[in-house]
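Here is a short tour for anyone meeting this structure for the first time. Take a look at the sequence and the fold, then read on.

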Amino acid sequence: MAPITGTSAQLVDNYITNNKVMIFSKSFCPFCHKVKDLFNELKVPFEALELDLADNGSDLQSALLAKSGQRTVPNVYISGEHVGGASDTFSAHERGDLMKLVNKGTHTYDYDLVREREREERERERERERERR
Ligand SMILES: N[C@@H](CCC(=O)N[C@@H](CS)C(=O)NCC(=O)O)C(=O)O
């Protein structure tokens, strides 16, 4: 069996890779609530994992410490990049960097593929129109 730390590190990586905005959180943490409120206000979808409610929460928290050098929650990743805690997230927002990261598009998501298909269809439609003229 793989060592627990390896598994936790992989789980953490999977959460970060599969979610454009990933918040490692604790359900009772006021800083986490503020950060989630911010993303809700910005209408940016996010995934939050409540480490205090997860069976393997403390292993994941250790894996996060090893990965990001940060032990506290919230621990925010956007487009695969470590943003940091609540104060880092609010500072990034004030600098105008938060939405840049959100829109960075380093990941391919199903909805991006849908947009890509729509764009291709519009292009084909324009092509057909040019041919009709
Ligand atoms: N300055 C940090 C404060 C975060 C903080 O203190 N979080 C507490 C929970 S409310 C924490 O992670 N405590 C350690 C723990 O729960 O393991 C930030 O801006 O994110």
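Which residue in β3 is the bridge partner of Val 21? The partner is Ile 78. That pair is a handy way into the sheet, and the rest of the tour starts from there. One thing to keep in mind throughout: this is a predicted model.

## The overall layout

The chain has six helices and four strands. If you walk along the sequence, you meet them in the pattern α-β-α-β-α-β-β-α-α-α. There are 133 residues in the chain, and buried ones make up 23% of them.

## The sheet

The four strands make an open sheet in the order β2-β1-β3-β4, and the pairing in it is mixed. At the edges sit β2 (47-50) and β4, each of which pairs on one side only. From one strand to the next, the twist averages 20°.

Back to the pair we started with: Val 21 and Ile 78 belong to a pairing in which β1 (residues 21-25) and β3 run antiparallel, joined by four bridges. Strand β3 (residues 75-78) also pairs with β4 (residues 81-84), again in the antiparallel sense, this time over three bridges. Here you can find Val 76 standing opposite Gly 84 in β4.

## The hairpin and its turn

Strands β3 and β4 form a hairpin, with two residues between them. One to look at in the turn is Ser 79, which has a positive phi of about 50°. As for its surroundings, Ser 79 counts as partly exposed because 18 other C-beta atoms lie within 10 Å.

## Helix α2

Helix α2 (30-41) has 12 residues and reaches 16 Å from its first C-alpha to its last, close to the 16 Å expected at 1.5 Å a residue. Three of its residues, Cys 32, Val 35 and Phe 39, are buried. They cover an arc of only 65° around the axis, so they sit on the same side of α2. Turn to the other side of α2 and you find Pro 30, Asp 37, Asn 40 and Glu 41, which are exposed.

Past this helix, in the loop between α2 and β2, comes Lys 43. Its phi is near 60°, a positive value in a residue other than glycine. Is Lys 43 buried or exposed? Lys 43 is exposed, because it has just 6 other C-beta atoms within 10 Å.

## Helix α3

Helix α3 (residues 57-68) has 12 residues and should span 16 Å at 1.5 Å a residue; its end C-alpha atoms are 16 Å apart, which agrees. Buried in α3 are Leu 60, Gln 61, Ala 63 and Leu 64. They cover an arc of only 160° around the axis, so they are on the same side of α3.

Ala 63 is worth a closer look. Why does Ala 63 count as buried? It has 22 C-beta neighbours inside 10 Å, and a residue needs 20 or more to be called buried. Ala 63 and Ser 8 are 55 residues apart in sequence, while in space they are 6.0 Å apart, C-alpha to C-alpha. Just after α3, Gly 69 takes a positive phi of about 75°.

## A cis bond in a loop

Now for the loop between α3 and β3, where Pro 74 lies. What kind of peptide bond joins Val 73 and Pro 74? It is a cis peptide bond, with omega about 0°. For context, most peptide bonds are trans, and most residues other than glycine have a negative phi.

## Around the ligand

Both residues of that cis bond turn up again around the ligand. Which residues surround the ligand? They are Lys 26, Cys 29, Pro 30, Phe 31, Thr 72, Val 73, Pro 74, Gly 85, Ala 86 and Ser 87. Helices α2 and α4 (86-95) each supply at least two residues of this shell. By type, the shell residues divide into six nonpolar, three polar and one charged.

Key: Residues numbered from 1 in each chain as written. Predicted model: local features only at pLDDT ≥ 70, side-chain atom pairs only at ≥ 80, totals over all residues. Expected span 1.5 Å × (residues − 1). Buried ≥ 20, exposed ≤ 12 C-beta atoms within 10 Å, placed from the backbone. Arc of directions from axis to C-beta. Near = placed C-beta within 6 Å. Nonpolar A, V, L, I, M, F, W, Y, C, P; charged D, E, K, R; others polar. Pairing = 2+ DSSP bridges. Axes fitted to C-alpha atoms, helices over the stretch in contact; angles between N-to-C directions.
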